[in-house]
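Visitor: Before we discuss the labels, please show me the sequence and the structure.

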Amino acid sequence: MRIPFELAETLAVVVDEGTLDAAARRLHVTPSAVSQRIKALEEQLGRLVLVRSKPARPTAAGMSVIRLARQTALLEHDALAELGAGENEAALTVVPLAVNADSLATWFLGPLARLAEQHPVVFDLHRDDQDFTAGLLESGTVMGAVTSRAAPVAGCRSSALGAMRYEAVATPAYAARWLGGDRATALAHAPLVDFDRRDDLQNEWLSQQGVDPAQPPRHYVPASSDFASAVRLGLGWAMLPRFQSHDALERGELVLLGGPPVDVALHWQQWNLRSPLLDAIADAIVAEGRRVLAIPPAR
């Protein structure tokens with residue numbers, strides 16, 4: 001059995017764009033042609049590859065086909081580059097990557113900008129919590145990911161980056177208003193800022209202070225720069241990476257609340273596929289991560 005690249009590529013575009021209509025616009029064909037390609041692929045494989053929901057999502061079989069499409073496109077790019085045909089900027093290679101919000105807001109874009117100057121590539125970034133980005137590798141959605149998972153995802157290789165160090169901070173006015181008297185009692189009632197309902201950094205620090213994490217009221221601010229702004233504006237306290245708190249701490253606009261920092265070890269995982277482009281991306285990201293991130297504590 002052979003899987004025609006055009007059909008595999010069409011499935012990947014549908015999943016990327018979310019709908020058949022959007023995929024048709026990107027592929028410069030009609031929605032009917034996209035539908036016919038997906039149907040032909042399913043008939044060839046004898047199984048469904050796409051759940052036609054909004055947004056469309058792949059089945060387990062579809063994930064395998066999408067990985068094939070992305071790997072084939074990457075190998076095609078490498079072959080064209082070796083043949084001297086990679087200078088055509090009209091045919092930029094799309095490289096999907098996954099990254100956690102705090103890395104994206106602080107250190108991750110620098111190496112990508114340098115890579116884009118050196119290679120005919122555009123990046124499709126998927127933002128998710130570092131505990132969940134590995135799932136995007138497993139599904140074939142992305143080729144590489146910043147993740148808290150050290151053990152390699154099946155078919156991938158893993159490199160340690162370092163640790164993002166978080167410290168509890170607040171404005172002086174907030175600390176004076178909410179954190180006087182007995183610290184544990186105050187923290188149980190003081191509002192804090194969470195990124196979203198999967199953010200457990202504040203909970204981990206509260207537990208270290210002997211406070212039940214279920215007690216404090218919470219603001220939810222699901223964007224890294226806005227999250228830091230919410231803390232600087234005095235909405236609540238939170239754990240911020242030193243990247244985002246350093247200047248405000250130096251100016252006295254924020255104060256440390258004490259307690260040990262929380263270190264989140266980060267790793268770069270990518271497909272275990274020998275590709276000059278993917279290797280260049282890994283080299284740049286790993287070098288930058290190891291340059292700027294804290295050294296993980298010994299365990």
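Guide: What follows is a conversation about how certain labels are justified.

Guide: This is a predicted model, in which local features need pLDDT of at least 70 and side-chain atom pairs count only at pLDDT 80 or more, while totals for chains, interfaces and linings use all residues. Residues are numbered from 1 along each chain as its sequence is written, and side-chain values use heavy atoms, with hydrogens and water left out.

Visitor: Why is arginine 47 called exposed?

Guide: The relative accessible area of arginine 47 is 53%, and exposed means over 50%, buried under 20% and partly exposed in between, with a 1.4 Å probe and protein chains only; arginine 47 therefore counts as exposed. Arginine 47 sits in the loop between helix H3 (31-45) and strand E1 (50-51), where helices (H or I, at least four residues) and strands (E, at least two) are DSSP runs numbered from the N terminus. Leaving aside residues up to four places away in sequence, arginine 47 touches Glu42 and Ala61, a contact being heavy atoms within 4.5 Å.

Visitor: What makes histidine 28 exposed or buried?

Guide: Histidine 28 has a relative accessible area of 72%, so the label is exposed. Histidine 28 lies in the loop between helix H2 (20-27) and H3, and its phi is near 60 degrees, a positive value in a residue other than glycine.

Visitor: Why is serine 245 counted as buried?

Guide: Serine 245 has 0% relative accessibility and therefore counts as buried. Serine 245 belongs to helix H12 (residues 242-251) and touches Leu240 and Leu254, not counting residues up to four places away in sequence.

Visitor: How do you know that the length of helix H4 agrees with its number of residues?

Guide: The expected span is 1.5 Å times one less than the number of residues; for the 23 residues of H4 (residues 60-82) this gives 33 Å, and because the end C-alpha atoms are 34 Å apart, the two agree. The buried residues of H4, among them Val65, Ile66 and Leu74, pack against helix H1 (5-17), H3, E2, E3, E11 and helix H13 (276-292). Just after H4, glycine 84 takes a positive phi of about 80 degrees.

Visitor: What makes strands E3 and E5 a pair, and in which sense do they run?

Guide: Two strands pair if DSSP finds at least two bridges between them; E3 (residues 93-99) and E5 have 2 bridges, in the parallel sense. One bridge partner of alanine 98 is alanine 145 in E5. E5 is also joined to E11 by 4 bridges, and these strands run antiparallel, with glycine 144 opposite glutamine 270 in E11.

Visitor: How do you know that both faces of E5 are covered?

Guide: In a regular strand the side chains alternate between the two faces of the sheet. In E5 (residues 144-147), Gly144 and Val146 on one side and Ala145 and Thr147 on the other are all buried.

Visitor: What makes up the lining of the second largest pocket, by class?

Guide: The lining has 10 nonpolar, 5 polar and 12 charged residues, where Ala, Val, Leu, Ile, Met, Phe, Trp, Tyr, Cys and Pro count as nonpolar, Asp, Glu, Lys and Arg as charged, and the others, Gly among them, as polar. The largest share of this lining, 5 residues, comes from E11.

Visitor: What joins lysine 54 and proline 55?

Guide: A cis peptide bond joins lysine 54 and proline 55, with omega about 0 degrees.
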